[in-house]
Amino acid sequence: MTQVNRLSGGRLDRSKSLSFSFNGKAYKGYQGDTLASALLANDVRLVGRSFKSHRPRGIFSAGSEEPNALVELGSGARQDPNTRATTTELFDGLTARSQNHWPSLKYDLLAVNDRLSGFLTAGFYYKTFTWPATFWEKLYEPIIRRAAGLGSLSMQNDPDLYDKGFLHCDLLVIGAGPAGLAAALTAGRSGARVLLAEEEFLLGGRLIAEDMALGDDPAAHWVARVQAELSSMDNVRILLRTTVNGAYDHGVYSALERVSDHMASPEQGKPRQVLWRIYPKQALVCTGAIERPIAFENNDRPGVMLGGAVRAYANRWAVTPAQSVVVFTNSNDGHRTAKDLLGKGISIPAIIDIRQDAPRLSGVEVLAGAQVIDSSGRSGLKSIKARLANGEIRSFACGALAVSGGWNPNLSLTCHQRSRPEWCEDIASFVPRRDLPPGQLVAGAARGDFSTSRALQGGMNEALKALQNIGLTGQGIELPKAEDADPSLTPFWHVNGAKGRAWVDLQNDVTVKDVTLAHQEGFRSVEHLKRYTTLGMATDQGKTSNIGGLAVMAELTGKAIPETGTTMFRPPYTPVALGALAGRSVGKDFHPTRKTPSHKWAEEQGAVFVETGNWLRAQWFPQPGETHWRQTVDREARAVRKSVGVCDVTTLGKIDVQGSDAATFLNKIYANGFAKLQVGKVRYGIMLREDGIAYDDGTAARFAEDHFVVTTTTANAVLVYRNMEFARQCLWPDLDVQMISTTEAWAQYAIAGPNSRQVLQKVVDPEHDISNEAFPFMACREVTICGGLRARLFRISFSGELAYELAVPARFGDALIRSLMAAGAEYDVVPYGTEALGVLRVEKGHAAGAELNGTTTSLNLGLGRMVSKKKDFIGATLSRRDGLNGEDQLTLVGFQPVSKGDFIVSGMHLMNNEAPTDAANDQGYLTSAIHSPNLGHSIGLGFLKNGHDRLGETLRAVNPLEGGEVAVEVLSPHFIDPEGERLRD
Amino acid sequence: MTDLQMMTPLGNTTPAVEHFGTTCIAEHCVTELVSLAARRGQTELLQSCVEKELGVRLPRVGGTATGTEVSAWWIGPDQWMIEARWDIKSALAGRVAQGIGKLGSVVDQSDGWVRYDISGPEVKSAFEKLTAIDVQMMQSGTVVRSTIHHIGCFIRCETARDYYSIYGPRSSAGSLHEALIGTAVAILPAE
Amino acid sequence: MIIPHPLLGPRDAQEFTYLGDASLINRPDWQSENAMQEFHDYLYLRDNPAGLHRELWFHEQGDRSWLVVTRNTMTHEITQVELASDVARSHGRSR
């Protein structure tokens, strides 16, 4: 039998039959179904097991508030757990599975938890498994984790794309029910830029869920007309399948558009979902209302559903959950459900109406003053038991119970910025307060205006108000005549006297007794109640349960519900996949990649790259036959000292500083002096933070009296620029200084080694004399190369060898390195990478990032003498603090193992030979350690207390983390050419 | 001039041009760029000097100005970018510097940027996925600086809703290109 | 958050980098008698008001202006945004 519960009518395309499977069994549905409506049509009632007690559960609602019907969709990498069947649009080939059971949905061994219900009460995690403490991590937690939780992850990479996007509009209308449609039409006709976001795949909201007329036509006709008009307007954009999930500061909203979730897989290159950030000038919340249940004993069986949902299934999806449905209500809303179902030929054995003065309804037995007190049917409702007004108990056989306890305005978005709602006695529910977040308005049922007529009117009026707020004028529209029923009800939250369990929160298995117990144990605040019992947590965030829990709490405390309070509403309104939050920033696209102009050339050379910030830098260039990176690095480092090597240093930050006060300015940002630097010269400089700690070093080259080029480390280029702008704009705003980053504009190469000048002379145009006399150490000059290309040449050295840096416009970087390699061929030039660069600088004793580690001063770095005492600069005063200048300062020295075969590693701490290994005896630590190919053994740099006075001493370098200890000798940090003769040669 | 071979920011010898449906993404390599900042207190003199020397009035906040040979756009307080719209070879920086003397500071930016021209009737939807800026409402001849997929960029509106130039940092040319292409594909009409 | 830039109008806070209290503009005189104490206070002592707070933001992904933003730390409402260079000058900072 297929679709035994399918009725006539509905908003389905019956010409499009869709096949789907649930727990491996094949079913049919129609275009327009949700998974939930199709399951109901096929009389599938049991769809999952509850979180804690593993109780059988069915479909409860018809929307995103669903607490029960969470399924796992798809397979393989696309397996998607905890998806609400009620919002899952049916498509051909959809596969779904139920969750939280073992071995099967029908026979779940963990249903034993249900028998242990007395034990699994509120706060049971806190009370149990507390001793012995060591058992928690190894025993209790793994077991609990296996038993609890709902769906499971695929453990594979998500194969889909997710986009992020940004939308701007005058008016964002959230929800396309009667209020939203009236608002969108009003604003759209005025010419305003309107964005209408609707969570569902059809417009209309309750207008298409009810059997209702607007004017003389069925409501759906009016919806279709409005949709057609809105779609024809260039200034209106409709986003279907889009949930506005959060309202943020300054009127920014987030929304998730499910672009491809109604297809088996997204089209090639298309996103599965888009996370929109919306910047509306005004936002109108038209999110409707969510129905609330009434708690009674065993009210969680499959078949016990919200009344409005039963009605929506019948009217919109042409489905009844059963052929015989009993209604349980405290208002006329339940009667509406009965009327609609009767009209569809469904049998209604009774309306159980708690009101003593319940009205009659023709064709149905209305039991006024009665209450449902129990239900039966292990894996699906078979009957309910009611206590009548006279105390008599009666049973009714039925496949479903439509429960209506009233409606709660869906005001989540109005409260995302801490605003708390206020109580409205008329509808016995919370409504948004008047002081909404700036730029936000609310209309329709979300504001407590429950009748269709008031919703339409409210939507129009609030839209006009919104337009006025932003200086636009609109005109009222002609609204169709609509029902204007009185929403009043008799507040009723749960049936008293239950011996067994009456569920308040279906998703978290929280019962009336749990709330009572929590209260008895002293959890009086709503926030505490929530955390102790888990009421209102997890995927549904208590959309159908929070108020019920509050009501029980209020009874216990003897307070009114508004005095009891409400928990905080926080974004997102419905769960958002992490993939959507990440957007395209995943894998290799996690951040942009920066490549130097000769990147392709380096790839051709087989370079191994390393990420430094966003840059990809060549780490080393393996040659055939080299099997270990150290062979490669040793060869490169040796070649530089022996002849010549070329290294891409494009990534260094370059900041162009000009203006008549440029030198004065640099004097303020560098710890050492720059005012007297000659034109045509470069100087090493160190920058301090205001607290006196060194944070960056580099060089500044003076090309003219009023023109410098500052280089920074690769890592700090952005920070240094930011700090320099701070100094320029906030500290010395009247200096004549102009700055701009030119990092990107130049390709820059270090040419280092005793033959570097010979190589350069073949590249630099002959009219430029770069002999030692004409172009000495620390000179800089604008030159031309390769027949007229403008270039900048600097004679600076990081390796300690005779060395230059040559910069050309970036578009010529690739050609330049090829030219340099060709020119250097006769000197066996090698390209060298960052690793060899590191080896060379450690051999020379130059500090780098490992030494400028955010805790070290210029004194520590051995640069104390450079620091000017005669001028003000950033960090000047506080670098003179006693604490940074007292006894026992760490100073930068070199280290080598006493036994040359030993290896030292950075991070090792230094201990005196006789002293125990502990923090109290710590003498310092190693910051950089390498194998020196030019010395043939391990060497390192590090900070040692009073290091300068301890040259020649031996210490123990210890590695308490990984074990190991090496005897080391303290040396000058300058292992190679300590007098610096090679640089100046 | 040099015998060295130029490379485009994407690392090729010719600029990349690609079409995705009606959207065209083209790497644009025939412009020269220099940044120009007024020396302290010289803004007005600089303005008139530039107008005389280069035939363009330096624009106000967020604006562009187009002369016969060069165009200019605002990049910050008292700072502009000048672009030579015709290929006058790499003389632009020198020419500007010479023209204005000590009234402003000039820095050659030609090699600092990659420029992509993106055009077609659907491009405004592409920008929705690229930047928080309300590109749809940009008027022809306006420029904003913001980010595209974490990459700082200038977006210049050449023809509103139809034709835009994006200037991004040259080193990120590849990532920016991938972002543009990925979005151009994502907005292709459904099959 | 959205910061109304005094030159460019409303811009998403993602374009900006936050520094901290705008009092960082008031860098003490290094030659003052009490310079060490003043610099200590300047760098380490901050008010942490529940309410209006003047703070420095850098429009890093925009026009590179440093701004002084007056923001209510309770509501995030931004009531004033000024160019930091103007604020600095008004506090007597110059060269």
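The 9 positive and 14 negative charges of chain C have mean positions that lie 6 Å apart. This is a predicted model, so please read every value here as computed from predicted coordinates. The points below start with chain C, move on to its contact with chain A, and then visit some salt bridges and one residue of chain A.

**Chain C on its own**

- Chain C has 2 helices and 6 strands, and along the sequence they come in the order β-β-β-α-β-β-β-α.
- Along its principal axes, the C-alpha atoms of chain C fill a box of roughly 45 × 30 × 20 Å.
- Chain C has 95 residues, and 51% of them count as buried.
- If you take the contacts in chain C between residues at least 6 apart in sequence, 47% of them join residues at least 24 apart.
- About 4,600 Å² of chain C is exposed, with carbon and sulfur atoms supplying 48% of that area.

**Where chain A meets chain C**

- The size of an interface is often given as the accessible area lost when the parts come together.
- For chain A and chain C, the area buried between them is about 3,000 Å², and 56% of it is on carbon and sulfur atoms.
- Three residues of chain A are worth finding in the viewer: His250(A), Arg722(A) and Gln729(A) supply 20% of the area that chain A buries against chain C, more than any other three residues.
- In terms of residues, 32 from chain A are in contact with 34 from chain C.
- There are 6 salt bridges between chain A and chain C.

**Arg27(C) and its two partners in chain A**

- Arg27(C) forms a salt bridge with Glu690(A), where the closest N and O atoms are 2.5 Å apart.
- Arg27(C) also meets the side chain of Asp872(A) in a salt bridge, at 2.8 Å from N to O.
- The pair of Asp872(A) and Arg27(C) joins two chains, because Asp872(A) lies in the loop between helix H21 (834–844) and strand S44 (890–897) of chain A, while Arg27(C) lies in the loop between strand S3 (17–21) and helix H1 (35–44) of chain C.
- Asp872(A) and Arg27(C) are both buried.

**Salt bridges elsewhere**

- Over all chains, the count comes to 71 salt bridges.
- One of them links Asp134(B) to Arg193(A), with the closest N and O atoms 2.7 Å apart.
- This pair joins two chains too, because Asp134(B) is in the loop between helix H3 (123–128) and strand S9 (142–148) of chain B, and Arg193(A) is in the loop between helix H5 (178–189) and strand S9 (194–197) of chain A.
- Arg193(A) has 17% relative accessibility, so Arg193(A) counts as buried.
- Within chain B, the side chains of Glu51(B) and Arg57(B) meet in a salt bridge of 3.1 Å, N to O.
- Glu51(B) counts as partly exposed because its relative accessibility is 38%, and Arg57(B) is partly exposed with a relative accessible area of 44%.
- In chain A, salt bridges that share partners join Arg206(A), Glu210(A), Arg311(A), Asp333(A), Arg336(A) and Glu483(A) into one network.

**A look at Thr337(A)**

- Thr337(A) is found in helix H8 of chain A, which covers residues 332–343.
- Thr337(A) counts as buried because its relative accessibility is 1%.
- Apart from neighbours within four places in sequence, Thr337(A) is in contact with Gly307(A), Val310(A), Arg311(A) and Ala402(A).
- Of these contacts, Arg311(A) is also one of the residues in the salt-bridge network.

Key
Residues are numbered from 1 along each chain as its sequence is written. Chains are lettered from A and ligands numbered from 1 in the order in which they are written. This is a predicted model: local features need pLDDT of at least 70, side-chain atom pairs count only at pLDDT 80 or more; totals for chains, interfaces and linings use all residues. Side-chain values use heavy atoms; hydrogens and water are left out. Helices (H or I, at least four residues) and strands (E, at least two) are DSSP runs, numbered from the N terminus. Buried means under 20% relative accessible area, exposed over 50%, partly exposed in between (1.4 Å probe, protein chains only). Contact means heavy atoms within 4.5 Å. Accessible areas come from the Shrake-Rupley method with a 1.4 Å probe; for residues, only the protein chains shown count as cover. Lys and Arg count as positive and Asp and Glu as negative; His and the chain ends are not counted. The place of a charge is taken as NZ of Lys, CZ of Arg, CG of Asp or CD of Glu. Buried area is the accessible area (1.4 Å probe) that two parts lose on being put together, summed over both. A salt bridge is a side-chain nitrogen of Lys or Arg within 4 Å of a carboxyl oxygen of Asp or Glu.
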